[in-house]
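Reader: Please take me through this protein model, beginning with how far it can be trusted.

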Amino acid sequence: MGEPKSKASQACETCRSLKVRCLPSSQPGTCLKCETSNKNCVFLERPPRPSRHRPKHSSKARLCALESKVDNLLAFASQSKLTQGLVPPQHPVGSLGNDLPTYSPSFSHGEPGSTPNSSHNSSTNLSTPEQPLYKWNGYPKINGMSCPDLLLECGLSIDAADGFLRRFRAMTSYFPFFVVPAQATVLTMCKEHPFALVAALAAATSSDKKLQKSLSEKFIGGAFHTVMVHNERSLDLLNGILVYLAWYQFYYIPTKEQFNQLLHVAIGMVGDMGLNLRPAEAIGAKIGLRLSHYRKVSTPSADHDEFFSREARRAYLGCFYLSSV
């Protein structure tokens, strides 16, 4: 067998136009194809292709350059927060139906026709000349962030949140197992029921999908972190999960089904807190004694135990309802 013919270092114009291999022939200066077809074999001089290799830089120099860029970005972000008072950009004023304004920085409570004030003059902003920069430090935290800070980070002002809270009160007729107290405001709910508040606002902001998604992600992340990492149980957290599940159609994603998972978390919390037992049975078995609410009283009993209140009974019935439908 003969040796395989090697490819020419440069293709002739005929082979180049036909996009075939240009093989040398026994006749110098002529390729095999041109010799076979009796064509004039022409080789043109072409400039060499530019190199695609980028200039090499040492890893240490690249790392120093990246660290310098990160330091500049952090300095710029810190300066921006200080100059803007840590207040996230607010959405323009509009109408979401039922005479509820959108996320204006400030409007009179319950006054649909009032004129919004400047965000720097709002009494509910994070920073004003008369108030300290971190005025929400005394509020309970969700995943390391106080509830008012969480709302503001989502782009929802405290005044606008009060309007959505009033909307949620009208929605509770469809799920009467969590009732917002009659005189409650967003700030009082932030102190007493932060998880339930965020879940309620997420359900009430269905007219703005971007805001609703932001609130729901904050809630679900904080709830799982509180239960799985800190192993905490509370009526507020249970009510928040129930409210989130009651309006789960707003958050349903086929590839990220969470309803059954969250429902089992709620059922487990009911057992941990003894809501499925009579008060005397739960106290006798010391169920729930490791929970934080018992530290508020010297001698736990059914007379002053918040887990045997009407709110607790509603939560138990709400969990039973969701697990039965």
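The exchange below treats confidence, fold, core and an annotated region.

Author: This is a predicted model, in which local features need pLDDT of at least 70, side-chain atom pairs count only at pLDDT 80 or more, and totals for chains, interfaces and linings use all residues. Residues are numbered from 1 along each chain as its sequence is written, and side-chain values use heavy atoms, with hydrogens and water left out.

Reader: In which helix is confidence highest?
Author: Confidence is expressed as pLDDT, the predictor's own score for each residue from 0 to 100. The protein has a mean of 75, and 68% of its residues reach 70 or more. Helices (H or I, at least four residues) and strands (E, at least two) are DSSP runs, numbered from the N terminus. Confidence is lowest in helix α11 (residues 279-284), with a mean of 68, and highest, at 93, in helix α7 (residues 194-204).

Reader: Over which residues does pLDDT stay under 50?
Author: Contact means heavy atoms within 4.5 Å. The model has 92 contacts beyond four places in sequence for the stretch whose pLDDT stays under 50, residues 86-133.

Reader: How many helices and strands does the protein have?
Author: Read along the sequence, the pattern is α-α-α-β-β-α-α-α-α-α-α-α-α-α. The totals are 12 helices and 2 strands.

Reader: Which helix supplies the largest share of the largest nonpolar core?
Author: A nonpolar core is a set of buried Ala, Val, Leu, Ile, Met, Phe, Trp, Tyr and Cys residues joined through side-chain atoms within 4.5 Å. Buried means under 20% relative accessible area, exposed over 50%, and partly exposed in between (1.4 Å probe, protein chains only). The largest core has 65 residues, and Leu151, Phe168, Leu197, Leu238 and Ile241 have the most contacts inside it. Its largest share, 10 residues, comes from α7.

Reader: Which feature does UniProt place at residues 11-43?
Author: Over residues 11-43 the chain is 36% helix and 0% strand, with the end C-alpha atoms 7 Å apart. UniProt positions follow the numbering used here, feature names are shortened, and annotations may be inferred rather than shown by experiment. The unreviewed UniProt entry gives this feature as "domain: Zn(2)-C6 fungal-type".

Reader: Is Thr14 buried or exposed?
Author: Thr14 lies in helix α1 (residues 13-18). Beyond its neighbours within four places in sequence, Thr14 is in contact with Cys34, Lys39 and Asn40. Its relative accessible area is 17%, so Thr14 is buried.
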